[in-house]
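Work through the exercises below with the structure open beside you. Try each task before you read its solution.

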Amino acid sequence: ETLVIYDRMAPDAIQYVVAEHADPVVCMTTRGRGAVSAAVLGSTANDVLRDVACPVIIAGPNLAADSWIPGPIVVGLDGVQAAGRLLGAASTFAATLNVPLWMVQVMPPQGAPDGHGAGVETTYLEQQARPMRSAGLAVGWDVLHGADAATEILEFARSHEARLVGVATRARTGMGGMVRGSVARSLLHTATMPVLITHVGD
């Protein structure tokens, strides 16, 4: 279905269409870069991420030419609250495309004072994977260690030839409406595959 809307700006038009559909997913591209480093998204993407509650998939400026080929999906998790909506969307895509879903959690470097035990780390991911595996989905998980979550998630995604990477963000707006979730922002400007973003607490 193609819908042409003449009387609204792009962000408002997208919000209008989202409100008219059940369980929508917004897919869009952005080439946005701003004067305040490369962290600022294009204005339309900014507004959509700020205002819609549904999952949003964004193809960033470094999208690879072969990113349309179906492949594994990698999601970065940082807590139980963030898992529900993100895993719901990612698992639906994985089941529809018949591709594996990988969950990763980034912890402080091994030996850091605030690091957790391996058992605690693994238990959390196992709990998230169990219902999806029971439903027949191919699910794997791994605990990564590093100082920069976006870098670790992206390196894992590349090593597993992922075609979609997903994160949840607690932050909607910041300076001038800029999305301030640092992991999501970094992925959008470095990932060669589309990025799935969901909001926590909507």
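The exercises that follow concern a predicted model.

**Exercise 1. The sheet**

Task: Give the order of the strands in the open sheet, and name its edge strands.

Solution:
- Step 1. The open sheet has seven strands. Read across, their order is β1-β2-β7-β6-β3-β4-β5.
- Step 2. The edge strands are β1 and β5 (139-145), since each pairs on one side only.
- Step 3. The pairing in this sheet is mixed. A parallel case is β1 (residues 26-29) with β2, joined by four bridges. An antiparallel case is β2 with β7 (residues 195-199), over three bridges. β6 and β7 are parallel again, with five bridges.
- Step 4. From one strand to the next, the twist averages 25°.

**Exercise 2. Partners across the strands**

Task: Find which residue stands opposite C27, which one is the bridge partner of V56 in β7, and which one in β7 faces A168.

Solution:
- Step 1. Start at β1 and β2, which run parallel. C27 stands opposite I57 in β2.
- Step 2. Move on to β2 and β7, an antiparallel pair. V56 has I197 as its bridge partner in β7.
- Step 3. Finish with β6 and β7, a parallel pair. Opposite A168 is T198 in β7.

**Exercise 3. Two faces of one strand**

Task: Decide whether the residues on each face of β2 (residues 56-59) are buried or exposed.

Solution:
- Step 1. Recall a general point: side chains in a regular strand alternate between the two faces of the sheet.
- Step 2. Sort the residues of β2. V56 and I58 are on one side, and I57 and A59 are on the other.
- Step 3. Check each side. V56, I58, I57 and A59 are all buried, and both faces of β2 are covered.

**Exercise 4. A helix pair**

Task: Describe how α1 (residues 10-19) packs against α2 (residues 43-51).

Solution:
- Step 1. Two values are needed: packed helices are described by the angle between their axes and the distance between the axes.
- Step 2. The axes of α1 and α2 come within 9 Å and cross at roughly 35°. The crossing is right-handed.
- Step 3. List the contact residues. α1 brings A10, P11, I14 and Q15, while α2 brings T44, D47, V48 and D51.
- Step 4. Sort them by type. Four are nonpolar, two are polar and two are charged.

**Exercise 5. The cores**

Task: Name the members of the largest nonpolar core that touch the most other members, and find which element gives the most residues.

Solution:
- Step 1. This core has 28 residues. V26, M28, V56, I58, L187 and V195 touch the most other members.
- Step 2. Seek the suppliers. β1, α2, β2, α5, β6, α6 (182-190) and β7 each give at least two residues to this core.
- Step 3. α5 gives the most, with five residues.
- Step 4. A separate core has 26 residues, among them V75, A168, L196 and V200.
- Step 5. Place α5 on the sheet. α5 lies across β3 (73-77), β4 (101-107), β5 and β6, and runs at about 150° to β4.
- Step 6. Look around M28. Beyond its neighbours within four places in sequence, M28 is in contact with residues including I14, V48, V56 and I58.

**Exercise 6. Buried or exposed?**

Task: Classify T198, A184, D23 and E161 as buried or exposed.

Solution:
- Step 1. Apply the cut-offs: buried is under 20% relative accessible area, and exposed is over 50%.
- Step 2. T198, in β7, has a relative accessible area of 0%, so T198 is buried. Leaving out neighbours within four places in sequence, its contacts include R85, L86 and V167.
- Step 3. A184, in α6, has 2%, so A184 is buried. A184 touches V167 and I197, with residues up to four places away not counted. A184 and I197 are 13 residues apart in sequence, yet 7.2 Å apart in space, C-alpha to C-alpha.
- Step 4. D23, in the loop between α1 and β1, has 75%, so D23 is exposed. Its phi is near 50°, a positive value in a residue other than glycine.
- Step 5. E161, in the loop between α5 (149-159) and β6 (164-169), has 57%, so E161 is exposed. Phi of E161 is near 50°, again positive in a residue other than glycine.

Definitions and conventions. Residues are numbered from 1 along each chain as its sequence is written. This is a predicted model: local features need pLDDT of at least 70, side-chain atom pairs count only at pLDDT 80 or more; totals for chains, interfaces and linings use all residues. Side-chain values use heavy atoms; hydrogens and water are left out. Buried means under 20% relative accessible area, exposed over 50%, partly exposed in between (1.4 Å probe, protein chains only). Two strands pair if DSSP finds at least two bridges between them. Axes are lines fitted to C-alpha atoms, for helices over the stretch in contact, and angles run from 0 to 180 degrees between N-to-C directions. A crossing is left-handed if the near helix is turned anticlockwise from the far one by less than a right angle, and right-handed if clockwise. Contact means heavy atoms within 4.5 Å. Ala, Val, Leu, Ile, Met, Phe, Trp, Tyr, Cys and Pro count as nonpolar, Asp, Glu, Lys and Arg as charged, and the others, Gly among them, as polar. A nonpolar core is a set of buried Ala, Val, Leu, Ile, Met, Phe, Trp, Tyr and Cys residues joined through side-chain atoms within 4.5 Å.
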